[in-house]
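Reader: Hi, could you walk me through this model?
Author: Happy to, here it is.

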Amino acid sequence: MGKPSLYFLGIGGTGMGSLAIALKNSGYLVSGSDTALYPPMSTVLEENNIQYTQGYQQESIAAAHKAGHADIVIVGNAISRGNPEIEYVLNERLTMMSMSDAIREFLIAGNTSIVITGTHGKTTTTSLCAWMFEHAEKEPGFFIGGVPGNFTEGCRASGVSTGFFISEVYEYDTVFYDKRSKFMHYRPDIVVINNIEMDHADIYSSVEEIKKSFRHLVSIIPQKGLILAHADQDHVRDVIAQAQSRVETFGVEQHAFWKAVNINYATQGTEFTVVRDSQKFGRFFIPIQGEFNVRNALAVIAIGSHSGLSIEQIQQGLASYLLPKRRMEEIGTWRSATVIDDFAHHPTAIKETIKGIIQKYEGRRLIVVFEPRTNTTTRNIFQDQLAHSFGGAHTVIIGPTNRPERYTDSERLNIPKLISDLASQSIQCFAVEQALSQSKWGEAVVIHLESMIQPNDVIAVMSNGSVGGLREILVGT
């Protein structure tokens, strides 16, 4: 019997599109639908000869079903009841599965499942791990949420039947009919828990709810499996307290099982010595900055060691690593200032990223442009934490809150208070008017930058969104 045909309901999402392409390249017949698709995803799908329809229409999936192109319908996280195509799937009792189920069934299969989790550092750690195995010629499969620097794709199948598959996995819920966290579907053999903090306020009301999801993950790791856990986070320690598998911690703390010492930060990258269970393991170099990236690398080193790679293979893989897109990515210059693009939007990520930028561009003024856009940072959950996340910056420019109408005044991030708190730390501040168009407010930022920019400054754009078109204005990308 041949491979089933796969119909992706929500094929335009970054994860869904990447998975669709990986499965097309693995020999599956793939098609799908989504709302209006635009480049780059529409272009990438067309380049891979994947047929899709624009807009959700019952006629589209009915035609695919009758043509034998929808043996299994893979349902995206953004799909909900009332969508005409999901209603057809339910009425006709078609086989359906979530994206996470599809990754497990079609890509992980018999491979060793390495799962990277945590509030921060997932994309960097996953892409670094995948590259380490690739450089060691292990032909790993992987699913990476961002655009990895060492690969041309964000998802692919393993090149061997019993190799390694590395997954970046969120604690976000799976699909409209399965509200478990995505990572519950990946049958992990090795799990990295980088950190646990409050996030995803649209589905979690507290960090205790998030920890509950992580406890469920820990409960399904086999006894012969391995948990690699941040050594100095109370939430992580709570979650792994009842683990039935082996646990090894990593970090820069004295009690860490995998510990980084003698750390040397430089403009070219970071060099450090790894101590494993109180014994020197080796000296390593990563071409990136920041203590948080040292911790990310420690987790990857531990994975490599447990997976049979030599110290030399691990060293060579780490030394030749390229950061994913939008992770401290230098995207151009504007008026002799260096422009950095970064995905950071959580207070901890902002704080650690600024530290890394300062290490790399030592002695240069840093101007940060921050867009409050996520379901968490647009609320006042992190009001105080955000005020203490920009230390080291010379100037902070705050964009308008994305879709502020979702919250009452008492729930919404208080921009004037944030500006006042930053000013009390001697950080120059500027807030873009809330009334400006979401697609155009970058123009107001440029007007302000023109009045204060100096040659050799560093401009860091921090957002998971469009930043009012600012990137295009500054560097044309």
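**Helix packing and other details**

Reader: How do α3 and α4 sit relative to each other?
Author: They are oblique to each other, because oblique is what remains outside under 35 degrees (roughly parallel), over 145 (roughly antiparallel) and 65 to 115 (roughly perpendicular). The axes of α3 (residues 58-66) and α4 (residues 84-91) cross at roughly 45° and come within 7 Å. Axes are lines fitted to C-alpha atoms over the stretch in contact, with angles from 0 to 180 degrees between N-to-C directions. Helices are DSSP runs (H or I, at least four residues) and strands are too (E, at least two), numbered from the N terminus.

Reader: Which residues make the contact?
Author: Q58, S60, I61, A62 and H65 of α3 meet P84, E85, Y88 and V89 of α4; contact means heavy atoms within 4.5 Å.

Reader: Thanks! What should I know about the source?
Author: This is a predicted model, where local features need pLDDT of at least 70, side-chain atom pairs count only at pLDDT 80 or more, and totals for chains, interfaces and linings use all residues. Residues are numbered from 1 along each chain as its sequence is written, and side-chain values use heavy atoms, leaving out hydrogens and water.

Reader: New topic: what is phi of R187, and where is R187 found?
Author: Phi of R187 is near 45°, a positive value in a residue other than glycine. R187 is in the loop between β11 (178-181) and β12 (190-193).

Reader: And is V467 buried or exposed?
Author: V467 counts as buried, at 0% relative accessibility, whereas R187 is exposed at 61%. Buried means under 20% relative accessible area, exposed over 50%, and partly exposed in between (1.4 Å probe, protein chains only). Phi of V467 is also positive, near 55°.
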